[in-house]
Every structure is written in C-alpha cells, then in structure tokens.
Amino acid sequence: MTTIYCAQWIVPVSSPPLADGGIAVDDDRIVAIGARQTLDAQFPEATIQDFGTAAIVPGLINSHSHLELTAMRGFLENEDGDFFAWLKKLTVVRLERMTADDLNVSAQWGACEAARAGVTSVADASDAAIESINALLAVGLRGIVFQESFGPDPGLAPQNFAKLLAKISRLRERETALVKCGVSPHATYTVCGPQLELIAQFALDEGLPLMMHAAETLMEVSLLREGRGAFADGLKSRGIEWQTPSVSPIQYLKQHGILRTRPLLAHCIYVDDADIETLGETGSRVAHCPKSNSKLGHGLAPLMKFVEHGIAVGFGSDSVASNNVCDLFDEARYALLLARAGSGEKMAACSLSAQDVLQLATQGGARALGLSEQVGALREGMQADFAIVSLNGAHQIPAYDPVSTLIFSSSARDVVLTVVAGREVYRDGRVMTVDEDRLRARLKEIAQKLALGSAA
C-alpha cells in the first residue's frame, strides 16, 4: 500500500528543495517524489499524511557512535581534561560494573535517542557488539556494528585475533538487510602492528568494513613519532615493548595494511598535508566528530581540507559519554561554525554552507558507510529512510530558507517522525518499536549503580 508523506518543504539533498511536495513510499522504497497534486493523481488510492509546516529530509547518518556507552552520559565529566584517565575509568566501568543486559539497555536507549533525532543509520563501534547489534535490531535502525578488538602486546596478537573471529562469527548470525557487522581494531595505541595486519587481511578476505580511531590526540602522535607520552608510559608499565615507528598515525596505518581496506577513520585531527593526500589516494573515509573533539580538548580536524580533497566525510556524535547528546543538526551546525571561525576575518576562505553540512550529515555519511546507493538522499528507488522536522517552533519562525532553518535554527527535538526502510520507528513523541518506559527505568537503575560504585 502506497503512503504519501507531505510537508511544506521536501529537501532531497541531491536536488534543490521542493515547496509543497511529498514523497510516495511503497514497502521499503521511495517510489516517487514531487508536487503533492502530481502525487495525488499518480497514486489515487494512496494514504495521505500531511505534516504541514515541516521539512522532509533524508534520514541523518551518524558516522561514529558508541551506543553501549549511553549509560555513561555525564559520568566522566571530571576526567574530561585527562584523556588517559578518561579512557581508564570508562574501560574499568564497562568491563567490571556493567552486565551484558546493562550494555544492551544502554545501547537500546542510545538507539532510541538516535531515532528521536531523525538518525536512521549508525556506524557503531562496540566492545560488546552483540548487544549493540541486538539494540539496533530491536529499535529498527539501519547500521553497521563494528566489533572492537584490543591487544597492544604483539605476543598475544594470535590469541586476540582468534577472539575477534569468534565474535564476528556470532555477529554474522544476527545480520539482516538493515544491520551488518564490521571489524574495529580500536586504535594505534591499543592494538599492536601484527594484530592490525591480521585484522586488515581478514577484513579484505571476508569483505568486512573496517573502522578505527585515528590521529585523535597528541598523546597518540607522541607515541608514534617519539615513543613518549602517557600512552608510551602506559605500555611500558605493562611490560609491553614498543618500537617507535617515527611516523604519523595515518602513515603507521598505511604501513600495517589498514588503509588497504578503505577504512572509516574516526577523528583524524592530527593529520598533515601528506596524510590527507594518503587518505584520498587510498579511498579512506573520515567520521568527523567536532563536538566530542572539542569537549575533550583534542583539537580541530581540518574538515575543509577533507572536503577539498574529495574524501568521503560524515558527521559522528561519538559516544554521549564525550558529547552528551546525539544531535546531527547540532553537530552539523557546530562543524560549520568552527570552520568559519577558523577562517578568521576572511570568511570567504571557508566555502562551506548550510547546504554543504546538511549534505555531509546525509549523503556524506552514506558515502562514509558505503551505503550511498541505498540511503542519504530522497530519490525514486532509494530506500525509504527519512525524517520529518517541524519548522513551526518559535525558534524557527520566520523560515525564509528550509536548509538554513534546519541547520541554524533546528535540533533533534524538532523531529516529529523517523522512518527506516518504510517503517515508522519514531512518531508523536514515542519510539514505536520498544518499551521506552522499561528502558528508562532500567537506565536509571544502571546509572545509580555506576554512581554508587564511583563514590565507593
């Protein structure tokens, strides 16, 4: 049965906005897009849903998340200025205080937040990937769940790789048309070179997407270029020998075969011109996380240079432990403002526009995830992944241009409907697929347990 969703504005992203239009959806596909009168005539038996003063946009794509950490929203504020301590506390709490069900509830709540924000696809990195994939399946989002792998000790690389293989085997049993799995060697400072090589070859042999944190902090740069800093000291304290490669993080990943997989690399803050050339030449992709980068004091990634070099870039919220909210409109706005601020008085040096960052939040994310043939734009034949954003708020009126209003005046709270593969997952203030009241109560229990444990 065909349903026509209508609104004041249709914003396909791949083409100019259309006033007083609609999109026709049949099963999981967009079957037509155009003026309402045209669609009414083309599909006389269709159900009509008119959202009035609103914009219909492609589903937003979160290119980097950690849904399992949703329960730690605001939990690590005291460690924000010390990333080594931040990572240590997070790791201990996740491994020692959170049960499998805690992690599943945390991931489901994060997926609910994403659905409420108009996010239809996520690239989620998770140590407990089976819980994250189950969460996406429960809520009904599209995505890739990347099973993280750790192991800085070269002597343990075969064992750690074997553990990864077992986890991937289990994840593949849970894959669907909407949710797939991938691999994620966590970072250069947590995974040794031999293990990186094993994982890269495995990803190539099995056709698995690969995601990794890269060039995120100065500590990482110091470890790789000079063999110094907190990460170097941490390896030494564990009796792990480290041979300093004296190269940048990006060149180190190239040496160990990671870039052969055309990986999705989160952050990429500390990259020079040679690194950017390498990213472009290898078809590597970038998840740009401006708010998380700023909150943790890590620095500013060169977004403009990525765009100028044709690198596939999407926006990522990172975990809400380091960002506090999943809001891709806010992420896009912040990215644009940072880019303009960085250009100083010569704003012409920053050619990014509201249209550009909306494109990065949709089509850009689809390219970064390798899903551009399915999602990221409103076009006939594409998957019916879209969100409807109210434009009727006091903070949005008057709205002279729908794209500028979406980027500069709107937020996740303005989303009124989220649809994934033709299925309504969020509507009228409720996620339709799970019991949010139960999840809310459980999350409060988990938060209380974490707070008590921290106090002790």
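This is a short talk on the pockets, strands, loops and helix contacts of one predicted model.

Thank you all for coming. Please keep in mind throughout that what you see above is a predicted model, and that the values I quote are computed from its atoms.

Let me begin with the open space, since that is probably where a computational chemist would look before anything else. The largest pocket has a volume of about 930 Å³, and its lining is made up of 37 residues. Those that lie nearest the centre of this pocket are Leu-87, Lys-88, Thr-91, Phe-150 and Thr-190. Which helix gives the largest share of the lining of the largest pocket? That is helix 2, from which 11 of the lining residues come. Helix 2, which covers 83-96, and helix 8, which covers 230-237, each supply at least two residues to this lining, and I would ask you to remember helix 8, as we shall meet it again later on. If we sort the lining of the largest pocket by residue class, we find 15 nonpolar, 13 polar and 9 charged residues.

From the pocket I turn to enclosed space. How many cavities of 30 Å³ or more does the count give? The count comes to 1 cavity, and about 90 Å³ of space lies in the largest cavity. Two elements give two or more residues to the lining of the largest cavity, namely strand 6, at 60-65, and helix 3, at 100-116. Helix 3 gives the most, with 3 residues. The lining of the largest cavity has 14 residues, and Ser-65, Leu-67, Ser-317, Val-320 and Cys-326 are the ones that lie nearest the centre. By class, this lining divides into 5 nonpolar, 7 polar and 2 charged residues.

Next come the strands. There is an open sheet of 4 strands, in which the order is 10-11-12-13 and the pairing is parallel. The edges of this sheet are formed by strand 10, residues 211-214, and strand 13, residues 313-315, each of which pairs on one side only. From one strand to the next, the twist averages 30 degrees. Looking at one edge in more detail, strand 10 is joined by 4 bridges to strand 11, which spans residues 264-267, and the two run parallel; within that pairing, Met-211 has Leu-264 of strand 11 as its bridge partner.

One residue of strand 12, which spans residues 285-288, deserves a closer look, and that is His-288. Is His-288 buried or exposed? With a relative accessible area of 5%, which falls under the 20% limit, His-288 counts as buried. Leaving aside residues up to four places away in sequence, His-288 touches Ala-301, Leu-303, Val-313, Gly-314, Phe-315, Gly-316 and Ala-335.

A second piece of strand pairing is found earlier in the chain, where strand 2, residues 18-26, and strand 3, residues 29-35, pair in the antiparallel sense over 6 bridges. Here Asp-26 has Arg-29 in strand 3 as its bridge partner. The hairpin of these strands has 2 residues between them, and Asp-27 takes a positive phi near 60 degrees.

That brings me to other backbone details that may be worth checking by eye. Ala-215 is not a glycine, and yet its phi is positive, at about 50 degrees. Ala-215 sits in the loop between strand 10 and helix 7, the latter covering 218-226, and at 0% relative accessibility this alanine counts as buried. Asn-324, again not a glycine, has a positive phi of about 85 degrees, and its place is in the loop between strand 13 and helix 13, the helix at 328-342. Finally, the peptide bond from Ile-397 to Pro-398 is cis, with omega near 0 degrees, and Pro-398 belongs to the loop that runs between strand 14, at 386-390, and helix 15, at 402-409.

I close with a helix pair, and here helix 8 returns. The axes of helix 7 and helix 8 come within 7 Å and cross at roughly 65 degrees. On the side of helix 7 the contact is made by Met-219, Glu-220 and Leu-223, and on the side of helix 8 by Ala-230, Phe-231, Ala-232 and Leu-235. Sorted by class, the residues of this contact are 6 nonpolar, no polar and 1 charged. Thank you.

Key
Residues numbered from 1 in each chain as written. Predicted model: local features only at pLDDT ≥ 70, side-chain atom pairs only at ≥ 80, totals over all residues. Heavy atoms only, no water. 1 Å grid on protein atoms, 1.4 Å probe; cavity = no way out; pocket = protein on both sides within 12 Å on 5 of 7 lines; lining within 4 Å. Points joined across faces, edges and corners; volume = space filled by probe spheres on them. Nonpolar A, V, L, I, M, F, W, Y, C, P; charged D, E, K, R; others polar. Pairing = 2+ DSSP bridges. Axes fitted to C-alpha atoms, helices over the stretch in contact; angles between N-to-C directions. Buried < 20%, exposed > 50% of the residue type's maximum accessible area, 1.4 Å probe, protein only. Contact = heavy atoms within 4.5 Å.
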